[in-house]
Structures are given as structure tokens and as C-alpha cells.
Amino acid sequence: MKQYIIEGGKSLNGVVTISGAKNAAVAILPATLLVNGTCRIENVPDISDVRLLLEILDDMGAVIRRLSPNTLEIDCTHVRDSEASDALVRRIRASYYLIGAQLGRFGHAKVALPGGCNFGARPIDQHIKGFETIGAEVTLHNGFVCAVAPESGLTGGRVNLDVVSVGATMNIMIGAVLATGTTIIENAAKEPHIVDLANFLNAMGAKVSGAGTDIIKIRGVKSLRGGFYSIIPDQIEAGTYMAAVAAAGGNVLIQNVIPKHMDCISAKLREMGVKITEYDDAIRVQRTGVLRRANVKTLPYPGFPTDMQPQIAVCMALASGVSVITESIYDTRFGYCAELNRMGAAIKVDTKIAVITGVEKMHGCTVHACDLRAGAAMVIAGLAAEGRTVIEEIEYIERGYENLIGKLEGIGASIKRIETPRGRRVPAVG
Ligand code: UD1
């Protein structure tokens, strides 16, 4: 059993450096399947989701070299036309990008339906609609998605997404890069990692334009060649540290960020009384006074990200007055509130709305991480709470945060990771 143990109540001070973006990396790695030649990729976060994707690529015959902890060379020139191991694929939601990548590379794909965090129904109908638009025949059978291109190959088409979907936008982009003709994605998502994937593909010879707007145009090319790429900093990791400083108090310089990507999060924290100073590639977060209440509605980028919803909830739980969060992307994403309430928060949830009455203090206890970002919220709550917090099921957290312990210790937190044999529990205080 792996756990984090936090002795809370200490303010955070110093400098923390943000890693490469998880949600960009988990699309870019499968997309290397499309490339003839070596991709040198910098700023790859060393997190378990990435390690899993590398294992899948390795299984398929990719040649992978780690030049430094965060720089990889991946050569998929001689990958085998084989299925990705479904035991591995089911463990990570982003493995759905293997459908687009295999379809583009081999003209067919068979991938187990994705796993990942449970926020209610997470359909992939829009991905399928996109693949069908470029000529693939897609079937769902025995828990697998099977996609087959016609003998003449994939051909460009126009797809209008019914919902703004990050995954569908990126997957269709990956699938269409090597198709004949032009593919247009309308009502595309605009997240920073969508632009990053387009930039990666273009660095390898693709012709993708419009990424970052709601109409993306992909002019098919015959092949992609190797090249160099550096992944953008992780917007959500940076936001998580910002929320941690807001909740626990202190003064931290968060470096290796793109402040523009943080606008919505910075604006909300400023509204709550946190001082945010922006530099070229860093943000300073200072919180000394009382946090003020605020309301948040999660929206596609540039709106407030659903992946920051649990973290901001902790700040609101400690703010003066009543705050309201409206979750508009997922059906159920408030499972963690019950855990925060056990730590002394006062949150009432009604389906997609959480009403949070601020309390002066939270206290440590044993809680569990019910998903990746919920787990991050537990860490923030533990840092801000009085006494000891024990967090269980930290595997979720390690899917998406590189060196969380080292980074938090570096800014003054008291946090450690322990592994105990199953059945033996570390006593919780408070
Ligand atoms: C990605 C991110 C996840 C983030 C989410 C929203 C990855 C690996 N995951 O997830 O961290 O929380 O974006 O920013 O990058 N939908 C459909 N049909 C589809 C696809 C999506 O109805 O085919 C719906 C979903 O149920 C959801 C909404 O569209 O309500 C947005 O989902 P989407 O943007 O696709 O999220 P993911 O790609 O799964």
C-alpha cells in the first residue's frame, strides 16, 4: 500500500519548476508511430502515464532511448503492425490516441476501450465520428475499438464535433495527418496541448493549421520525418502549485510556465485575494491574508479547466463566505468532496453543483485519492490542514505529477511517501 503522509499547517516558500504537459505528452508519444525517423522530444514528464505509453510503444517495437530524465529519442520506423497490449491500454485513458496513430500508420487499429479516471460516462463517439469522416469503418466489439481504412486509404473530410472534445480533436488530427486531401475539424477544442500536438506534428513535416482556434485544417502529407520537439509546460501542474500556495499560504515562484495559459486560474485566484505576479516564463504566487469567496464554472479552454476544479475547491473550502462550483464538462466530478468534508470542509453537492461554505481550518485525517486531480486536491488540503493527513491510493496522483514529493519539499512542505505491506495502516492523527 502506497501512501503520502503530510504534516500540514506550514506555509510554502521558495521556487518550484513545472514539468512538461501530461496531456500533450500522452498524445505526442502515440503520434510518434506516424513518423519515419527519430523524434527527439524534450520536456517529457516522468510520470506513470508516460511510462505506460512508452511500455506500449516498446512492446510494438519502437526504439526508445532516454538521453536525460526528460529527453527521449523515439524511433518508430520499424514498429510491428501489432496490437497494443490491452492490459496496458486499459490502464490509461489517453491510449485512445493509439487508435488515430495506428489507423494513420497501418490503415487499421484495434485498441481496448480506454480506462482512466471515472467521472461518469466518457464516450468516444466524437472520435469515431471523426475517423468515419476520413473514411474508416469503425466497430466496437468485445471491449475493443476496431477501425479499418478503405483499400484506397484515408481521405480528408469535414467533421463538425457535437461537443467540444479535447481527445476527439487531437485523435482526429493524428488520424488525418497522413490521409489524402484536407481534413477540417469544426468546433475543435482549443486547449494549449492541442496547439502543442499540432506544433509537434508540424515539426515532423505535417501541415496542420488553425490549432488554438475552433477550426483546424489538416492538409494530408505522404510521410512524416524525424525531428526535434520540446513539450510545453503543464498548465494543470502549475495551477495545482498555485492553488497549493493559495490554500497553505506563502510566497512561491513557479517557473517554466506560460503565464498566458494560466490566465483563467490566475484571474480566479486574484479574485480570491491572492497576489499573482507574471514574468516571461514564471509566476509568483503570494498569499498572506484571508481568502475571499468566489464562484467557478468549468468550461473548455480558455475557460476554467475542469482539471483544476478539485484544487480550487480546497481554496474555496478555506475562504470566507459561500462559494459555488458548477461542473459543466463531466456528469460526476465531486466524489472527492466527501473526503474534504471528513477533513472539516463544509461542502454540499447536488449533481453538478457544489456549494462550499468556507471554514477557518481543516484538520488532517486519512483520505483517499479518488482520481488524479481529486488526489491533488487531497494533497493541497493536507498541506493546508492542521495535523497529519494520510492519503491512500496515490497511484492516481503519480499518473500525472512528476516528483511531487521533491517539489513540495523544496518549497517547505513536510510530505513523505511510504510503502507498507497491505493490511498494515499508518495511524492517522486528528
Ligand atoms: C481530456 C483530458 C482530461 C480533461 C478533459 C477536459 C487527456 C488524456 N485527458 O479528457 O484530463 O479533463 O480533456 O479538458 O487529455 N465527449 C463526448 N464524446 C466524445 C468525447 C467526449 O460526449 O467522443 C464529452 C465527454 O463526456 C465530456 C466532454 O465531451 O463531457 C469533454 O471531454 P473531452 O474533452 O473529450 O475529455 P477527454 O479527452 O476524455
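Buried here means under 20% relative accessible area. With that cut-off in hand, here are some close-ups of this predicted model.

**View 1. C76 and C264, two cysteines without a disulfide partner.** C76 has 0% relative accessibility, so this cysteine counts as buried. The closest cysteine sulfur to that of C76 belongs to C39 and lies 6.9 Å away, which is too far for a bond. C264 is in no disulfide either, as its nearest cysteine sulfur, in C315, is 14 Å away. Unlike C76, which is buried, C264 is partly exposed because its relative accessibility is 24%. With a cut-off of 2.5 Å between sulfur atoms, the count for the structure comes to 0 disulfides.

**View 2. Helix α4, largely enclosed by the rest of the structure.** This helix spans residues 97-106, and 9 of its 10 residues are buried, so the surrounding structure largely encloses it. Among the buried residues are Y97, L98, I99, L103 and F106, along with G100 and G104. Just after α4 comes G107, with a positive phi near 85°.

**View 3. The salt bridge between E237 and K407.** A search of the whole structure finds 19 salt bridges, and here is one of them: the closest N and O atoms of E237 and K407 are 2.7 Å apart. The pair joins distant parts of the chain, with E237 in helix α8 (residues 235-248) and K407 in helix α14 (residues 404-410), 170 residues apart. Both E237 and K407 are buried.

**View 4. D331 and K352, a salt bridge between two loops.** The closest N and O atoms of this pair are 4.0 Å apart. D331 sits in the loop between β18 and α11, while K352 sits in the loop between β19 and β20, 21 residues away. D331 counts as partly exposed because its relative accessibility is 42%, and K352 is partly exposed at 31%.

**View 5. E339 and R342, a salt bridge within helix α11.** The two residues are 3 residues apart, about one turn of the helix. In an α-helix there are 3.6 residues a turn, so residues three or four places apart point the same way. The closest N and O atoms of E339 and R342 are 3.3 Å apart. E339 is buried at 9% relative accessibility, whereas R342 is partly exposed at 43%.

**View 6. A nonpolar surface patch of V322, I353 and V355.** Together these residues have about 200 Å² of accessible area. V322 belongs to strand β18 (residues 322-326) and is partly exposed, with 39% relative accessibility.

Notes
Residues numbered from 1 in each chain as written. Predicted model: local features only at pLDDT ≥ 70, side-chain atom pairs only at ≥ 80, totals over all residues. Heavy atoms only, no water. Buried < 20%, exposed > 50% of the residue type's maximum accessible area, 1.4 Å probe, protein only. Helix = DSSP H or I, 4+ residues; strand = E, 2+ residues; numbered from the N terminus. Patch = residues over 30% accessible without salt bridge, like charges linked within 9 Å, V, L, I, M, F, W, Y side chains within 5 Å. Areas by Shrake-Rupley, 256 points an atom, 1.4 Å probe, with all protein chains shown as cover. Salt bridge = Lys/Arg side-chain N within 4 Å of Asp/Glu carboxyl O.
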